[in-house]
Amino acid sequence: MFVHNDAQEDLEQLWKSELRAAARISAILEDLDGNQDLLDRLTQHGFETQHSNIFHVSRWQEYWNKDINLWRFKVWDLENIGLRYRIIYCFVPTKSHYYILAIAPRDFDYERTHPITQRVLRFTETL
């Protein structure tokens, strides 16, 4: 798992504005790194829809195909206290690499013209 500089910047900004969210997201990223079972869950659309685990995974449907493999997850315990963020990532199956690309507020609209979408898509063009 690799955390892109843009996502690292998102996390650093979060540390300045919402400590609980930054701490929890940092902890989850640490838990994911090196835990193949958890990493495998990151490519299971709909994983944990019943709030019984750490996060919920879904494909970024518009950008999920054989060429681009974009996903997002939300953290349940943050959702439950009104701290709604999405961790956006790309999975490259040929390398088994996960790239954390953004940490975005829930109200991020996913439109192609949104700056977060544009920076994520710029990264995918380098693959």
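I looked first at the packing of α1 and α2 in this predicted model: their axes come within 6 Å and cross at roughly 140 degrees. Axes here are lines fitted to C-alpha atoms over the stretch in contact, and angles run from 0 to 180 degrees between N-to-C directions. The two helices are therefore oblique to each other, a class outside under 35 (roughly parallel), over 145 (roughly antiparallel) and 65 to 115 degrees (roughly perpendicular). I listed the residues in contact (heavy atoms within 4.5 Å): Leu11, Leu14, Trp15 and Ser17 of α1 meet Leu19, Ala21, Ala22, Ala23, Ile25 and Ser26 of α2. Eight of these are nonpolar, two polar and none charged.

I then looked up the largest nonpolar core, a set of buried residues (under 20% relative accessible area, 1.4 Å probe) joined through side-chain atoms within 4.5 Å. This core has 27 residues, and Leu14, Ile25 and Phe55 are among those with the most contacts inside it. The largest share, six residues, comes from α2.

I recorded a second, separate core of 16 residues, including Val92 and Tyr110.

I turned last to asparagine 69, which lies in strand β3 and is buried, with a relative accessible area of 13%. Its side chain makes a polar contact (N or O atoms within 3.5 Å, one able to donate a hydrogen and the other to accept it) with the side chain of tryptophan 71, at 2.5 Å.

I note that residues are numbered from 1 along each chain, and that side-chain values use heavy atoms, without hydrogens and water. Local features need pLDDT of at least 70, side-chain atom pairs count only at pLDDT 80 or more, and totals for chains, interfaces and linings use all residues.

Methods:
Buried means under 20% relative accessible area, exposed over 50%, partly exposed in between (1.4 Å probe, protein chains only). Helices (H or I, at least four residues) and strands (E, at least two) are DSSP runs, numbered from the N terminus. Ala, Val, Leu, Ile, Met, Phe, Trp, Tyr, Cys and Pro count as nonpolar, Asp, Glu, Lys and Arg as charged, and the others, Gly among them, as polar.
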